[in-house]
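Thanks for coming, everyone. Please take a look at the screen, and then I'll walk you through a few places.

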Amino acid sequence: YNNSDQKVSLAQFPFPYQPYNIQEEFMQALYSSLDQGKVGIFESPTGTGKSLSLICGALSWLTDYEEKKRQEAAALLQEGETTLSTPAAQSSTTGSSAEPDWITDFVQKKAERDLVSKLKDELKRKKREERLEMIRNNVQLKYALKRKSCEEDEAFKLLQLSKEEKVEAQGDQEDEELIIAEYESDDEAKSKTEDDEDDDLVEEHVTKIYYCSRTHSQLAQFVHEVQKSPFSKDISLVTLGSRQNLCINEEVRRLGSIQRINDRCLEMQKNKHGEKKQHHDEGVKRKRGPAKSVCPYNKASALHQMRDEVLGTVHDIEQLLKLGKETHSCPYYASRLAVPPAQLVVLPYQMVLHEATRKAAGVQLKGQVVIIDEAHNLSDTLSCIHSAELTGAQLCRAQSQLTQYADRYNRLKAKNLMYIKQILFVIEGLVRALGGKVGQNPQSQTTQTGTEMLTINNFLFKAQIDNINLFKVLQRYFEKSMVSRKVSRFISLLVVICFSVVYNSCAIPSTFCAVPAAGQQGSAESEKVLSASPMMQVEGFFMALTNSNTDGRVVVHRQGTLSESSVKFLLLNPAVHFAQVLKECRAVIIAGGTMQPVSDFKQELLFAAGVGEERITEFSCGHVIPPGNILPLVLCSGPSGQELDFTFQNRDSPRMMDETGRILSNVCNVVPGGVVCFFPSYEYSRRIISHWEASGALARLANKKKIFQEPKKANQVEQVLSEFTRCIQRCAQDGGGLTGALLFSVVGGKMSEGINFSDELGRCVVMVGMPYPNIKSPELQEKMSYLDRHLPHSQGRSPGQALIENLCMKAVNQSIGRAIRHRGDYSSIVLCDRRYSRPGTLSKLPTWIKDRTSTHTTFGPAFGALRKVRNKSYYVQYVHSKHCIMTNT
């Protein structure tokens, strides 16, 4: 590392193969951003090895940073030892300045304390490294532990069988667990000590990198890249997930919903600590009744063992589950114990971006590095995470359940009752704001239809709950008493009792647990409705109402009946929650395949969070494909000369629909393999396909390519994609009349993001019109008004207008990026709308696409260019069949 020019030698980046030039540039820029503590916006198209560049660049910096810290610590320790070993020199120096003896003694003792502290830190670091080295190298110890766990397998199975034979008592002992204990206010808090067993598991957090992405499959792909990297043997990596993803206790897993899994797991932890406390309290007589159910996978020795295994070898979530079953240890808790000593933590967005979830997961950001991958929707993600919505049915159920709970447990202390009454008062106010009343069936209560947008303060006044201190209710009661989980458990027990004992005669109020009418829903849906307690949603909405009055709005939707009406908190300023991440972290990297347009990231998330321009760095690289492998075209008119203007006023005209059919017919005639056509909305897709069916255009398309449509249900996507792929493969092998397949999809739908149409699956992507969002949406209008008030105008456009354009082009960029997925891939992109030719719109395309885009005012030249791509595809297939290397000629 060279401090003079702030650059790092490219030879310092270990890489599994010879990197592309753009990968070297990427790692160079990433290293510099991390070292200087920057907020970096990095764009690297899919297929350019972005994940591997992130891994090698970031871990190279972390390795150098740790080595630099070791050298500095060694130098300071040596200097301190030298200074302390020469007290005579110090006394002579201090004597000449005529300082009192007590000052000299204080300075001497402070230096000794600092030296001791540094020695302790160095010893901890060495001890940690020695332990990890032992874990990685001592293979015999690993196999010994594995044999021991296998020998204990039979004992665990017997324990599980004995647990299943027991029946939990529903008497006074169970009630005792559901009664809220007296909470401790801030000035009444008492000092508490943790168990020695838990103290042994607590470790200091080392310098680490938090890598976040959107889905668990994307996280798994990243972990697999780490396993293939040169750092796989030396890095300590842990993957975090929810209990729903990491639980291996079948008794808990089969509960289904994440809320029930969390409640059951926490109950088992409480039972475990309760038994431990009772075991240590000598002379205390155990209450009669069956033993409380505890989790056999949550034992300290097993957690220690699995934590060490996780730190010693890189595992993804599937491998964590397998390891947990082998060691009879809980992957959820073991992975969290591995967070402090881990160097690389892989986790979903929510665990970093949401403060409460961050604390629960043991994630500490102070001085650490956060890499947020697939961050093109970061602003929307932040807004969704911190928004909340409650329906009238949920509010009525919550009010009924909490009332029944308070009536059932009349032993509640006075302070608990006071807070419960305050919560009930707020719930009743929310129901009043929707035009209804509590205590009555919400489905039979009619409300006046309409939508109202209010500031937080105005909503509190309207609901007449402005006299309640929501901060105090949340911080001093919801969090400490866990009333939401208590009520949820109470409801679950009551439902089980009613339906198992007197199924046909049990009368439960409809507002209590929303039992569906017979035949109205399937058994699975009924169980889902019965298991869901709305108190957690109520708590989340209370928390949303504590945001600043200027940062959010409350949308009141009245839909004719109280049960269907809703109150929704809309976060307008996501920067207020992202600011804490930016402030605490040493460096934050926002990365993605397509980050354009970047301006909204900087304005809405960075500048609004107080980040200065000097701390922001941008990096955007081209694609590794040759220039001739992509052909982006802007079509301003169709084959008959009809101008392509898919505005809301023109797109439904028969002439526009017919012209679009002719364009697709010409494309399908010359493009082999798969063609993917994106429409701006599901409604327009339905209308234009219906028009083509009536005019015969659809039948003409079907003569060339088999037609597929994006399914309405998410669980049908895989089936459609499989059939689409098989059809293209058959056409390539058998020939015949069909040349491939045509897939109709929707921008922002199930196939516009996360689905790869690589190679023959996507030789052409057609974008019909510009997918602008619904500007009449009250939420979008409020967002635009907020941006217009708080952000500056740019180039004669208001921030609200820029938001609409940016949302449209983000969706376009994600859709057209589905085709080029690797170095050898090639495809054409046809943008059907004259508005794409505007300079401002073209500038929002990814650079590697924008620089190769040509605009055609007439259809003939564009069609000729597509025919050349067709000829090239045949040439490329021939060259590949001869095992030659494709050139740019």
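One definition before anything else. A residue is buried under 20% relative accessible area, exposed over 50%, and partly exposed in between. Keep that scale in mind. Here is a case for it: Glu374 has a relative accessible area of 22%, so Glu374 is partly exposed. Glu374 sits in the loop between E5 and helix H18 (378-385). Its phi is positive, about 50°, although Glu374 is not a glycine.

Now the whole chain. This is a predicted model. The chain has 37 helices and 18 strands. Of its 889 residues, 50% are buried. The accessible surface comes to about 42500 Å². Carbon and sulfur atoms supply 52% of that surface. Take the contacts with a separation of 6 or more: residues 24 or more positions apart account for 80% of them.

Next, confidence. The chain averages a pLDDT of 78. At least 70 is the score for 74% of the residues. Which element has the lowest mean pLDDT, and which the highest? Helix H25, residues 523-531, is lowest at 40. Strand E5, residues 369-372, is highest at 95. Then there are two stretches to flag. Over residues 161-173 the pLDDT is below 50, and this stretch has 19 contacts in the model beyond near neighbours in sequence. Over residues 184-202 the pLDDT stays under 50 too, with 20 contacts beyond four places in sequence. Where pLDDT is low, the predicted coordinates should not be read in detail.

On to helix H32. This helix covers residues 717-734, so count 18 residues. From first C-alpha to last, H32 reaches 26 Å, close to the 26 Å expected at 1.5 Å a residue. Which residues of H32 are buried? They are Val717, Val720, Leu721, Phe724, Cys727, Ile728 and Cys731. These residues cover an arc of only 125° around the axis, which puts them on the same side of H32. Turn to the other side of H32, and Glu718, Gln733 and Asp734 are exposed. What covers the buried residues? The cover includes strand E13 (673-679), strand E14 (705-709) and strand E15 (740-746).

Now a strand. E8 spans residues 552-558, and seven of its seven residues are buried, so E8 is largely enclosed by the rest of the structure. In a regular strand the side chains alternate between the two faces of the sheet. Look at E8 with that in mind. Gly552, Val554, Val556 and Arg558 point one way. Arg553, Val555 and His557 point the other way. All are buried, the two arginines and the histidine included.

What pairs with E8? Strand E7, residues 450-455, runs antiparallel to E8 and is joined to it by six bridges. Strand E9, residues 566-571, also pairs with E8 in the antiparallel sense, over six bridges. Find Val555 on your screen. Its bridge partner in E7 is Met453. In E9, Val555 stands opposite Lys568.

Three single residues to finish. Start with His328, in the loop between helix H14 (317-327) and helix H15 (331-337). His328 has a positive phi of about 55°, and it is not a glycine. Buried or exposed? At 7% relative accessibility, His328 counts as buried.

Next, Arg821. Find this arginine in the loop between helix H34 (799-816) and strand E17 (827-832). Its relative accessible area is 12%, so Arg821 is buried. What does Arg821 touch, not counting residues up to four places away in sequence? The answer is Thr46, Gly47, Asn756, Phe757 and Ser758. Pro45 is 776 residues apart from Arg821 along the chain, yet their C-alpha atoms are separated by 8.4 Å.

Last one: Cys212, in strand E2, residues 209-213. Cys212 is buried, with a relative accessible area of 1%. The C-alpha atoms of Cys212 and Val345 are separated by 8.5 Å, with the two positions 133 residues apart along the chain. Leaving aside neighbours within four places in sequence, the contacts of Cys212 include Leu219, Leu347, Pro348, Tyr349 and Val352. Also among them are Val370, Ile371 and Ile372, and those three fall within E5, residues 369-372. Asp373 is in contact with Cys212 as well.

That's my tour. Over to you.

Methods
Residues are numbered from 1 along each chain as its sequence is written. Side-chain values use heavy atoms; hydrogens and water are left out. Helices (H or I, at least four residues) and strands (E, at least two) are DSSP runs, numbered from the N terminus. Buried means under 20% relative accessible area, exposed over 50%, partly exposed in between (1.4 Å probe, protein chains only). Contact means heavy atoms within 4.5 Å. Accessible areas come from the Shrake-Rupley method with a 1.4 Å probe; for residues, only the protein chains shown count as cover. The expected span of a helix is 1.5 Å times one less than its number of residues. The arc is that of the directions from the helix axis to the C-beta atoms. pLDDT is the predictor's confidence in each residue, from 0 to 100. Two strands pair if DSSP finds at least two bridges between them.
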